[in-house]
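Trainee: I should like a close look at a single part of this protein, with its strand partners and its surroundings described in one connected account.

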Amino acid sequence: MKHRWGTWLAACALLAAAGAAQAADVAALPSLKLDASRVAVAGLSSGAYMATQVQLAYPERFPAAALVAGGPYGCADGKLDVALSTCMKGAPPADVPALVEKARQRAKSGEIGSLAALAKGKVYLLHGKGDALVAPSVAEAAASFYEKLRAADPALKNFKVHDDGGRDFAHNLPIAAKGDDCDKSVSPYLGHCGFDAAGEIFAELFGKPAHAAGEAKGELRRFDQNAYKPDGADAFLADEGYVYVPPSCLTGKPCGLLVAFHGCKQNATAVGEAFVKDAGFNRWADVYGVAVLYPQTRASMAPLNPQACWDWWGYSGANYDTRQGVQLRWLVRAVEALGLPSAK
């Protein structure tokens, strides 16, 4: 009996030591010398919806965004049935003028940021003609939303909207390598299309590259996402996220920031490190001197989010797409921890 008790205690001690070692391995976000003038967001699918929510909620911080296979801001209106129909299939079509007016009213009330902050901003909308999951008409509605938003305010005449919808690929993020899955939507949702979407996104958001990208030589680190819960609230994220830090940022040079949101079923629990390593962002991050933050969601049945999507229909609360949204507030805490100055 004493032997069994001693064995059990020894096993517990080993488990505790392993847990402590794992916790020590997952550190806080590094503090970088971030350049507030070079900050952007990008995302695929639900990540694209999240990116547009971030840009509209905090345009003074994230004036530049890239949306891959996403729809217009506010599309779902907090309703899952609308998200699954209008905002994915385009049937019935979104009422874009009404969405624009709602965004303008939200900006006036302070629920989202001042749209005047988009005056020097830009948005790049990439979507494939063969996308059967998020219809091309939905992505076109997103482009129309931004165009009408610009047209409604003379102060936004220089806001750049680039609608890139003529390429032939399915519901995935195209990567430079070629293969046989460009016309498919299969895990890990990185289509071998011979088109480097990550490179195009960097060029659109940060300008022409100084040189071609090679192999990523920086550091991909895991970090504790729970450390940035806003007021301790559950943001429905995984325990761990990732951040890629280029060599120049590691030496203390001024560094830009791209927040890259994965799509549904593309989180690390589902696809491992495929998105954070193979999407192509890291090697371009080295060229531009831009850190890449890869937040990670988690799947759940209560609230209903079995595919680990970002919240673009309201599972985290009615204010999910405003400055009071818990995932948006989490992001603010995370980027400030990375070194982005607090908004004035």
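Mentor: The account below goes from the whole chain to the strands β9 and β10, and then to two helices.

The model is a predicted one. Its protein chain contains 11 helices and 10 strands. A compact globule of 344 residues would have a radius of gyration near 20 Å, and the protein chain agrees with this because its own value is 20 Å. The C-alpha trace spans about 80 × 50 × 45 Å along its principal axes. Of the contacts with a separation of 6 or more, 73% are between residues 24 or more positions apart. Half of the picture is the interior: 50% of the 344 residues count as buried. The accessible surface comes to about 14,800 Å², and carbon and sulfur atoms hold 56% of that area. As for charge, there are 35 positive and 34 negative side chains, and the centres of these two sets lie 4 Å apart.

The part to examine closely is the pair of strands β9 and β10. Strand β9 covers residues 255-261, and 7 of its 7 residues are buried, so the strand is largely enclosed by the rest of the structure. Strand β10, residues 290-294, has 5 of 5 residues buried and is therefore largely enclosed as well.

The two faces of each strand can be taken in turn. In a regular strand, side chains alternate between the two faces of the sheet. In β9, C255, L257, V259 and F261 point one way, while G256, L258 and A260 point the other way, and all of them are buried. In β10, V290, V292 and Y294 lie on one side and A291 and L293 on the other; all are buried, and both faces of the strand are thus covered. The criterion behind these statements is a relative accessible area under 20%.

The pairing links these strands to each other and to further partners. β9 and β10 are joined in the parallel sense over 4 bridges. Within this pairing, G256 has V290 as its bridge partner, and L257 stands opposite A291. β9 also pairs with strand β1, residues 34-44, in the parallel sense over 6 bridges; there V41 stands opposite V259. β10, for its part, is joined by 3 bridges to strand β8, residues 240-245, and these two run antiparallel. In that pairing Y244 has V292 as its bridge partner. β9 thus has β1 and β10 among its partners, while β10 is paired with β8 and β9.

A buried tryptophan can be considered next. W330 belongs to helix α11, residues 326-338, and counts as buried because its relative accessible area is 2%. Leaving aside neighbours within four places in sequence, W330 is in contact with F223, Q225, Y228, K229, P230, A235, L237 and P295. Y146, by contrast, is 184 residues from W330 along the chain, and the C-alpha atoms of the two are separated by 25 Å.

Helix α6, residues 197-206, offers a further case of cover, being mostly covered with 7 of its 10 residues buried. Those buried residues are A197, A198, G199, I201, F202, L205 and F206. Just after α6, G207 takes a positive phi of about 95°.

Definitions and conventions
Residues are numbered from 1 along each chain as its sequence is written. This is a predicted model: local features need pLDDT of at least 70, side-chain atom pairs count only at pLDDT 80 or more; totals for chains, interfaces and linings use all residues. Side-chain values use heavy atoms; hydrogens and water are left out. The radius of gyration is taken over C-alpha atoms; the globule rule is 2.2 Å times the number of residues to the power 0.38. Buried means under 20% relative accessible area, exposed over 50%, partly exposed in between (1.4 Å probe, protein chains only). Contact means heavy atoms within 4.5 Å. Accessible areas come from the Shrake-Rupley method with a 1.4 Å probe; for residues, only the protein chains shown count as cover. Lys and Arg count as positive and Asp and Glu as negative; His and the chain ends are not counted. The place of a charge is taken as NZ of Lys, CZ of Arg, CG of Asp or CD of Glu. Two strands pair if DSSP finds at least two bridges between them.
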